[in-house]
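User: I'd like to go through this model with you, one question at a time. Could you walk me through your reasoning as we go?

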Protein chains: 4
Amino acid sequence: MGLTEIRNVCPVSLDIPAEKQEKLHNRWHPDIPFAGTIKNGETVKIECVDWTGGQIGNNDSADDMKNVDLTRIHYLSGPFEIETAEPGDVLLVEIMDVQPHDKHPWGFSRVNGFAGVFDKNNGGGFLDEIYPTAAKAIWDFEGIYCTSRHIPHVKFPGLIHPGILGCAPSAEVLATWNKREGELIAANKLDRIVAQPPNPENVHAGSASEDIKAKVGREGARTIPGRPEHGGNCDIKNLSRGSKVYLPIHVKGAKFSVGDLHFSQGDGEISFCGAIEMSGVITINFKVMKNGMADLGMKSPLYLPGPVEPHYGPGRYLTFEGFSVDHHGKQHYMDVTVAYRETTLRCIEYLRRFGYSDYQVYLLLSCAPVQGHVAGIVDIPNACTTLGLPMDIFDFDISPTGPAKKLDMGSCAFETGVTEGKVTKGGANSEHSFGGGLTVKETSVVEGLKEKVVGS
Amino acid sequence: MGLTEIRNVCPVSLDIPAEKQEKLHNRWHPDIPFAGTIKNGETVKIECVDWTGGQIGNNDSADDMKNVDLTRIHYLSGPFEIETAEPGDVLLVEIMDVQPHDKHPWGFSRVNGFAGVFDKNNGGGFLDEIYPTAAKAIWDFEGIYCTSRHIPHVKFPGLIHPGILGCAPSAEVLATWNKREGELIAANKLDRIVAQPPNPENVHAGSASEDIKAKVGREGARTIPGRPEHGGNCDIKNLSRGSKVYLPIHVKGAKFSVGDLHFSQGDGEISFCGAIEMSGVITINFKVMKNGMADLGMKSPLYLPGPVEPHYGPGRYLTFEGFSVDHHGKQHYMDVTVAYRETTLRCIEYLRRFGYSDYQVYLLLSCAPVQGHVAGIVDIPNACTTLGLPMDIFDFDISPTGPAKKLDMGSCAFETGVTEGKVTKGGANSEHSFGGGLTVKETSVVEGLKEKVVGS
Amino acid sequence: MGLTEIRNVCPVSLDIPAEKQEKLHNRWHPDIPFAGTIKNGETVKIECVDWTGGQIGNNDSADDMKNVDLTRIHYLSGPFEIETAEPGDVLLVEIMDVQPHDKHPWGFSRVNGFAGVFDKNNGGGFLDEIYPTAAKAIWDFEGIYCTSRHIPHVKFPGLIHPGILGCAPSAEVLATWNKREGELIAANKLDRIVAQPPNPENVHAGSASEDIKAKVGREGARTIPGRPEHGGNCDIKNLSRGSKVYLPIHVKGAKFSVGDLHFSQGDGEISFCGAIEMSGVITINFKVMKNGMADLGMKSPLYLPGPVEPHYGPGRYLTFEGFSVDHHGKQHYMDVTVAYRETTLRCIEYLRRFGYSDYQVYLLLSCAPVQGHVAGIVDIPNACTTLGLPMDIFDFDISPTGPAKKLDMGSCAFETGVTEGKVTKGGANSEHSFGGGLTVKETSVVEGLKEKVVGS
Amino acid sequence: MGLTEIRNVCPVSLDIPAEKQEKLHNRWHPDIPFAGTIKNGETVKIECVDWTGGQIGNNDSADDMKNVDLTRIHYLSGPFEIETAEPGDVLLVEIMDVQPHDKHPWGFSRVNGFAGVFDKNNGGGFLDEIYPTAAKAIWDFEGIYCTSRHIPHVKFPGLIHPGILGCAPSAEVLATWNKREGELIAANKLDRIVAQPPNPENVHAGSASEDIKAKVGREGARTIPGRPEHGGNCDIKNLSRGSKVYLPIHVKGAKFSVGDLHFSQGDGEISFCGAIEMSGVITINFKVMKNGMADLGMKSPLYLPGPVEPHYGPGRYLTFEGFSVDHHGKQHYMDVTVAYRETTLRCIEYLRRFGYSDYQVYLLLSCAPVQGHVAGIVDIPNACTTLGLPMDIFDFDISPTGPAKKLDMGSCAFETGVTEGKVTKGGANSEHSFGGGLTVKETSVVEGLKEKVVGS
């Protein structure tokens, strides 16, 4: 007699610390016990905490962002047993809906997320050499739309999605991960952290016994990177409502986990926790495809996006081009990462003309639904990428028609001691000219930030 | 009394060698003389030769592809003087149309282009370590659609565009290019060519005097890479009909050039000359934006796509995920290039199940309108990219529903001595497993090719 | 400190009869008292009952549908006072979200709506001469998608929207309505009801006094038709999430009302209450545009759709053509209504081949997001319309490739005594041939229904 | 060895009168001889003259439009024999391309079309009671785009398509047409022509003998209306490049004809010859589906649109609503035709504020790619339709933000003696108020036209 109710297999509390809730965990490991069982073919609701487990507040300071404890993040909901699932099968995950959480204890936070620029010493993002300071923006959700008091004159519908979903690795897959990432760490000569090895600090293994928990601490893979064998933290903005994701299954029962919900994200999620992070509930239908990995020739997840993505028409995307020549004028060989970084800088320079600070644009590009494309990657030595910015998310005209009129853009939230009031000429961008004599003169940088760079 | 005719400012002949035509050239240099003058606001037609200048034939052998003389390529139409253009202005180039050439001497070639996999010793592509042999496909054009006898069961409308367009560098910009690319070449320790320095061999400087031509040969920038200061060979598939491109102007009169027309291309143009190359005619409207570079805060070109791109709906793109773990199982640090290469391999493995050879898919991905996105690039150590394949270009169902039925897919064109008939197990893909014990068994490789790899 | 909560200005109960709730009403009249006050610029939530006020059950019989009391329908939420609104202003209504109701008392009905074919004696629909029997389908909602046990092999995302929204008429506008509709009724020679005059039976005037209620009963406009001066029951399927609707204001405070929420509807809503009707909550932002009617030259509402409509790509719409020759072979003069009716019959005939009954298709076309276009309306004597059916809502291939394979399609819900089991050849469609000798032979009709036709 | 050339099966001359060219004809009749033979599976080019056969000039007077001889129009290319086609089969017509003609004798006309408002005495259009005077606009084609000196500030890409295509009727189908349209004519009590019966005047039957020609003149169906049995003049704007049309076949060899090419058209083609008419060439692939009519349950043509339609995003369509209350305030019963007429008037009133004359908007709506939808057609007595106007075809902002600023819009072409200079208050729109006291005051009408109305 019809659908009566969609079962909630993972009620979570926003009042109780994440590490005390048995249906959450923060490592990938085959021995974490099942948090529940889902039938093959069933649709269920799964509640999720935001990826910091509530470390960030709805306020106008980025100090909480700066002080995030990265060993206490990415609490995932699960792992769930999917009936009939066996290694070699594929789990077809159809995302029926994602919604912000309805029961946040503070009331207001229920409709707020955040997009943060990390402090360099605490992870850092894609442009952290140029923009090293912690900053954040709080976003208000009204139905499908979000706006931020920290980035005015912008409104857009969320391309809402989970940042993380996947099935547990087998012991063998896990060993492979630890070996290859360990080799990268061992070989590292960069002045930065290149990967996160297993770390027992603050490990949360769900309802595991102390013995298992200790083992998970020693061996469990960190949740930060996505990985080819199962997906995980792939941060694909288009895995939104209506998507069908095909996930490899490595252990009996699949042990599916999900979390790190995003109200919206731009391609690249460039400022690290740059998506609009939120707690919420995801509704999923699960189906097992027996022998799917061999049948589909599948080594990594694949997916079909849903039919309800926001769409603006191709002509409404102002598109920036970037090449693998960095902002110091150095030529790199076919480096798509450098090219995409330059592309985002071109966009920052463009939007700065309207009165936005660079930090505001940096935050915006990481969470608005910008399209980051690989364009040409075979014409030595320059890779070329593009970034498409939907013009219709602004309530004023940003099209390239001539000089821009500056608007009052307020400020995003900074860490204590930094304000956007101290703006000066020069700074990061004064050294930013790759070719020829026609330097674009207008640059700006936060003075306090510049001093910080000099001082650090 | 209305429009009477659109002026053709660049008639070219497909019978006369490109190097003998004064309105063509194959270097970027400010001293190449104007090939004609265009009014500010005028719409004109510009004919273009294909990028090899006619070195490739409509046949079933890739030998011509293998033997392409790379010093005799990329003959561009121009440079054109745009009236009133001054350094610091921006040239607004509106692409009103691009069409295949109507007057090819051989009759049949008029409606044919090609997409080629280069021989590794002659440039090479994105996957040349895995697929080292020269191969090609000939495409027939019927109106907006193309098909290939070398890649059956596929038909798609062209997202037709110029691979190369830009204004001439100033002497200062040119010097910057030569310096920074020279430094890359000097520092190179890879076992491959990383950039092409100026080379007087087969230089073509349009109607230049011998003195100027010699200077252009010594100093002129090669046309292979795109460059941030002017665009050039950016190979952006969406610069199609209806697009408005905003180009920096570095010299008086702009000296605009265009060429390397593509009937279609996938994001990345992964097999080097992977787009469907053609001769044809482009119709452009030109407008000068005075002081545009400063007004727009512009260092690199930007553009607005046109409204007539083929569109399939988001749910019609089967999307593959790839990470910066290479197919030998090695972990790379945040390398988008590696991730995108892996993503294309996932797609090759998927389509192989339907009977296509790897070379056919490689050719297809470089010229069909696949969407290559930067997904997540901040979750150390794994960059994640996606490749969206429009399912509707196939005349059979490629959706992930289970085991695939192999169809008769014929063969693409190979160099002499290589055939797809000699298929064996093993080869490049047998070493292709990054994690765990669940290796997908079904692999295939051209035996002749494998031997070639071993032998080379 | 950010958004704390979106105010709910209209809590409704699904347990208490609609006619007993003071924030609901079922007539358009300027004297119905305000149900609450909303600030200019405010975003609020407004709960709505389904348009029958709960007369329909989640069961497999259409008897309740047949017996709906049409004097007790269309209970609207409101009217709300919008601060600062004056006659001549325009109310900008931005639909931030629409969601099915979360607190239905029966549990299961919360995620269910219905699409019904009315009994001819009780209103009737667009094709009621051909399909005269009451039938219905119950739809289950799972996130953005709906499915029905009564119409198998179909799933689609809701283009969710309010069927009715508008501001109250002034006394003068109301008098105009009553006069012109009264003239139509007076002149009626058809054997059917052509309009619904004011009717005091079961009038609900919100919190009005008995005197006012009696006046509203005598004068108040019925809610069934939309009307040009204010919109009302316009049933525009694209007034969905993200839309901005511009509504004329006729009375001080605007007196805005909304209701008749639809999870989805096809263009035309052809089976009368054909949309998927539901109770739910709509989130709206209100802004007053002073002097907007004159400034915009506006006599009727206009709107901008939102950016999140489901999209499939134009090539995924199987499109039927119909002309103003009816199914008895009679030529009508430029009659778009006849043309659209024929267009829907063409689609019914097409889908019938896969095993659906005509009633199932009729129900489906009224609630799935089909695109009904006016094509040509100037080529005497034939108007031409088209109906685009999104092929991707079916889980099997409906493309026109050859003979269809019949699937087990079960049955929709019928009134007592009618079943689809009694299927015979002939019936309504046997007389359905407009031209020439090439009659398509395969027709089907429900025997019980045919007898009913004969008997009625 | 690949495609060598696409065969042109219908070269036409723009210098020779249409009635003297044997591959053209202007009636539907089974006895018109084949104009050529096309293989099953073949792709061919077919040239077409514009639908007036060259009666209209590229000038600034509408006198030629006023004086068009309607017995000498709609010269179609064909009929072509499609090999293997038999009655009962379906002809799958895939439109590979449509392009304006390249060889027009006058040079300028080659890139020009026209959109005309007919003189009421010579056919008339959808709004001819309100706008009775002949007017026209000449459009210049530059690649995919068109602009008009007669309607400034507008540019849009053509949704290029044939207005007419279909297979010949059998003798039996033809007899049905003549009977049913004859009955309509016989029963006509309107003060206007309701259908065009067979008429031997200026009949053109291709290469027919005099006897056959006389028979075609007596019996042949006029080309003006589309008809359900074969399509014909369906004027569906989306039958554009890439579309697949499925046409019923009634005679051996199919006898396929095509003509009346449109560079662009709005839904409804409201001003009769309102599309942008042109001569040109259409490229078509033909396939015969044996027994297709029965297999597909098909009585009228159906089609799948192509994937390259211009697309703007749903939020870029400013959408007007209209109801079946006419502009005299009269209530009609469920009349979609009235509703759509009112919808177009709402749009005219809106755009008039920017300085356009009503005639300019009327012309624009008939040829720009406006979306005309059937919205609600079951809520007695009001049908509701919508008209979506793509805002991005204007080079200024038409969004509903407040009072409009009038621009210099010049004038469209009128018949001799009428100019837009004589503008006055009042006229057609002064009587245009359906409800209440809030009449929008700003109206305008061409004085000369008003006098003409009074005088005629």
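Analyst: Sure. One definition to start with: angles under 35 degrees count as roughly parallel, over 145 as roughly antiparallel, 65 to 115 as roughly perpendicular and the rest as oblique. Also keep in mind that this is a predicted model.

User: How are helix 5 of chain B and helix 6 of chain B oriented to each other?

Analyst: Helix 5 of chain B packs against helix 6 (residues 358–367) of chain B at about 125 degrees, and their axes are 9 Å apart. Angles of 65 to 115 count as roughly perpendicular and those over 145 as roughly antiparallel, with the rest oblique. The two helices of chain B, 5 and 6, are therefore oblique.

User: Which residues of helix 6 of chain B make that contact?

Analyst: The crossing of these two helices, 5 and 6 of chain B, is right-handed. Helix 5 of chain B brings T344(B), C347(B), I348(B), L351(B) and R352(B) to the contact. By class, the contact residues of the two helices are six nonpolar, one polar and two charged. On the helix 6 side of chain B, the residues are D358(B), V361(B), Y362(B) and L365(B).

User: How many residues does chain B put into its contact with chain A, and how many of them are nonpolar?

Analyst: Chain A gives 106 residues to the contact, and chain B gives 106 residues too. Several elements of chain B supply at least two residues each, including helix 2 (171–187), helix 5 (336–352) and strand 21 (384–390). On the chain B side there are 32 polar and 23 charged residues. That leaves the numbers you asked for: 106 residues from chain B, with 51 nonpolar.

User: Which residue of strand 19 of chain B is the bridge partner of Y303(A)?

Analyst: Strand 18 (residues 302–304) of chain A runs antiparallel to strand 19 of chain B, and two bridges join them. The partner of Y303(A) in strand 19 of chain B is T319(B).

User: Is G53(A) buried or exposed?

Analyst: G53(A) sits in the loop between strand 4 (43–48) and helix 1 (63–66) of chain A. Setting aside neighbours within four places in sequence, G53(A) touches A18(A), R72(A), I73(A) and Y75(A). The cut-off for burial is 20 or more other C-beta atoms within 10 Å. G53(A) has 23 of them, so it counts as buried.

User: In strand 21 of chain C, which residue is the bridge partner of both T319(C) and Q371(C)?

Analyst: Strand 21 (residues 384–390) of chain C has seven of its seven residues buried. Strand 19 (residues 317–323) of chain C pairs with strand 21 of chain C in the antiparallel sense over seven bridges, and strand 20 (residues 371–376) of chain C is joined to strand 21 by five bridges, also antiparallel. T319(C) is partnered by G388(C), and for Q371(C) the partner is again G388(C).

User: Why is strand 8 of chain B described as largely enclosed?

Analyst: Strand 8 of chain B is joined to strand 9 (residues 145–148) of chain B by four bridges, running antiparallel, and F141(B) stands opposite C146(B). Strand 8 of chain B also pairs with strand 22 (residues 413–414) of chain B over two bridges, where K136(B) stands opposite A413(B). Strand 8 (residues 135–142) of chain B is largely enclosed by the rest of the structure because, of its eight residues, the number buried is seven.

Terms used. Residues are numbered from 1 along each chain as its sequence is written. Chains are lettered from A and ligands numbered from 1 in the order in which they are written. This is a predicted model: local features need pLDDT of at least 70, side-chain atom pairs count only at pLDDT 80 or more; totals for chains, interfaces and linings use all residues. Two residues are in contact if their C-beta atoms, placed from the backbone, lie within 7 Å. Ala, Val, Leu, Ile, Met, Phe, Trp, Tyr, Cys and Pro count as nonpolar, Asp, Glu, Lys and Arg as charged, and the others, Gly among them, as polar. Two strands pair if DSSP finds at least two bridges between them. A residue is buried if 20 or more other C-beta atoms lie within 10 Å of its own, exposed if 12 or fewer, and partly exposed in between; C-beta atoms are placed from the backbone. Axes are lines fitted to C-alpha atoms, for helices over the stretch in contact, and angles run from 0 to 180 degrees between N-to-C directions. A crossing is left-handed if the near helix is turned anticlockwise from the far one by less than a right angle, and right-handed if clockwise.
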